[in-house]
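Please look through the sequence and the structure shown here, and then read the short report that follows.

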Amino acid sequence: MTGRLSRLLAVRDWPLRDRLAVLVAAAVASAVALTGVAAWLITRVTVYNQLDSELVDVAAVTANWVAVDIQGMGGLDTNALKAANVTMMLVRADSRVSNLPGATVSLLPNVEELSVARRQQGSSARTVVASNGQPYRVVAVPLTAENEKYALVLGRPLEATNSILATLGWSLAIFGFLGVGVSSAIGVVIARSAIRPMRRLTEAVTHVTDTNELTPITIEGSGELADLGRSFNTMLNSLQLSRERQRRLIADAGHELRTPLTSLRTNVELLVADERSRMLPEGARSDILRDIAGQLGEFTTLVGDLVHLSREDVVEPHPEPIDLRDVVQSAIARAKRRGPSLTFDVELNPLYLVGEPDSLERAITNLLDNAVKFSPLGGTVHVLLEGDRLRISDQGPGIPDDELPHVFDRFWRSPSARNTPGSGLGLSIVAQTIKAHGGWVKAGRSAEGGAEFIVRLPGSSTPPEDEIEDEATALLPRVSP
């Protein structure tokens, strides 16, 4: 048992190519062996049946001759039987055996021949060993003469028949081994061809591990392995894009964090130096502290935006539908506190969807903050929710056409807005959130010349409860008044 287990484990340690070749060879060998054995057995049965049929026919004709002259054996002699290549004897119902005079080979009767003699029905056929040690095929047919019951027994040597069967068996074995050898070679070729894409994939994985280079592999042909290779290339491309985004985020974040940190450090050093020398004029210390507080607020906002952008772009929808009007109204309430001098022209039509209300409110708040930031004093911010689109526009300077393709890039800030507060991540968060909800956002110019943002979110103007009630009403039977 231990030795068998060791051999099994050893086979499992073989390379996949060798195991495929062995499996192909084993499958072909099994098929060849099964086919060869079946062919040999069928041939043997067919030959024996034909031989039995021939001997029974000869015995039936001979029985008619012998019945006429039972004492003289129908006038037959050993020369006549030798020409027919048979041996004959008579078996009486009382087990008495009569052979031809001068017969050199005798057959030993058995219960089959006695049964034929006593019942005088049917025939029997079997293989026996004659007195000369050679195998014979023996048949018996009933015979009645002089009120006695006999069985005429004919036997024919099987040496020639067995020789043919042996030759057939050796031929099947030899050609079977040749077929197994050829199939093994073909199995090796097939295994190498089948394993080549996997080997290429393994080499690509090893190359990525060793060099950290995400180089796609070459795909040839079609099928499952080709699909696996294409999936691997898709994974490499996704990793490459993720790495690039991560690298760009880290670089941009480091650049953006450097400015507030430098300003904070300068202000703190001034306060520390003033603690020793009292060099700052009256009121300057309070100004510096207010500046530090503002910088800390911007720093906190920037860190929050970075954390938000580092999340996966997958939104887990809530089981309850969202009324987007509530989300927009909450965002407008926050924006009004930041722009008390502005007028908000709001028109909200129903839009129900499934999503993350906090993320949507943050995104809409970022759009409204952008409008508040660039609107002039006493200006108007227009908010229109109609169908599946939300439009937010202002009366500010607008976005130049050459800057429109970049407004949703991370850390991108318009040259005209360098001195305004912000991290450059707000619109990027908007684009990511809307995309995660299956929609899109576009920037353009409003009819009044300011900036306009159009948000499209997939939803319905009918609440799910109303849809259920409508469906239930439609299913009610119609009754005529």
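## Strand 3 and strand 4

In this predicted model, Thr127 stands opposite Arg137 in strand 4, and Ala125 stands opposite Val139 in that strand. Strand 3 and strand 4 (residues 135-145) run antiparallel and are joined by six bridges; two strands are said to pair if DSSP finds at least two bridges between them. Helices (H or I, at least four residues) and strands (E, at least two) are DSSP runs, numbered from the N terminus.

Along strand 3 the side chains alternate, with Ser124, Arg126 and Val128 buried and pointing to one face, while Ala125, Thr127 and Val129 point to the other and are not buried. Here buried means under 20% relative accessible area, exposed means over 50%, and partly exposed lies in between (1.4 Å probe, protein chains only). The hairpin of strand 3 and strand 4 has five residues between the strands, and in this hairpin Gly133 takes a positive phi near 85°.

## The sheet and helix 4

Strands of a sheet pair through backbone hydrogen bonds, either parallel or antiparallel. This open sheet has five strands in the order 2-1-5-4-3, and the pairing is antiparallel. Strand 2 (97-99) and strand 3 (124-129) are the edge strands, each pairing on one side only. On average, neighbouring strands of this sheet are turned by 30° against each other, direction ignored.

Helix 4 (residues 111-119) packs on the sheet, where it touches strand 1 (87-92), strand 3, strand 4 and strand 5 (148-157); contact means heavy atoms within 4.5 Å. The direction of helix 4 makes about 145° with that of strand 5, where axes are lines fitted to C-alpha atoms, for helices over the stretch in contact, and angles run from 0 to 180 degrees between N-to-C directions.

## Two loop residues with positive phi

Most residues other than glycine have a negative phi. Ser95, in the loop between strand 1 and strand 2, nevertheless has a positive phi near 80°, and it counts as partly exposed because its relative accessibility is 38%. Gln120, in the loop between helix 4 and strand 3, is not a glycine either and has a positive phi of about 55°; with a relative accessible area of 21%, Gln120 is partly exposed.

## Helix 9

Of the 18 residues of helix 9, 13 are buried, so this helix is largely enclosed by the rest of the structure. The end C-alpha atoms of helix 9 (residues 357-374) are 26 Å apart, which agrees with the 26 Å that its 18 residues should span at 1.5 Å a residue; the expected span is 1.5 Å times one less than the number of residues.

## About the model

Residues are numbered from 1 along each chain as its sequence is written, and side-chain values use heavy atoms, leaving out hydrogens and water. Since this is a predicted model, local features need pLDDT of at least 70 and side-chain atom pairs count only at pLDDT 80 or more, while totals for chains, interfaces and linings use all residues.
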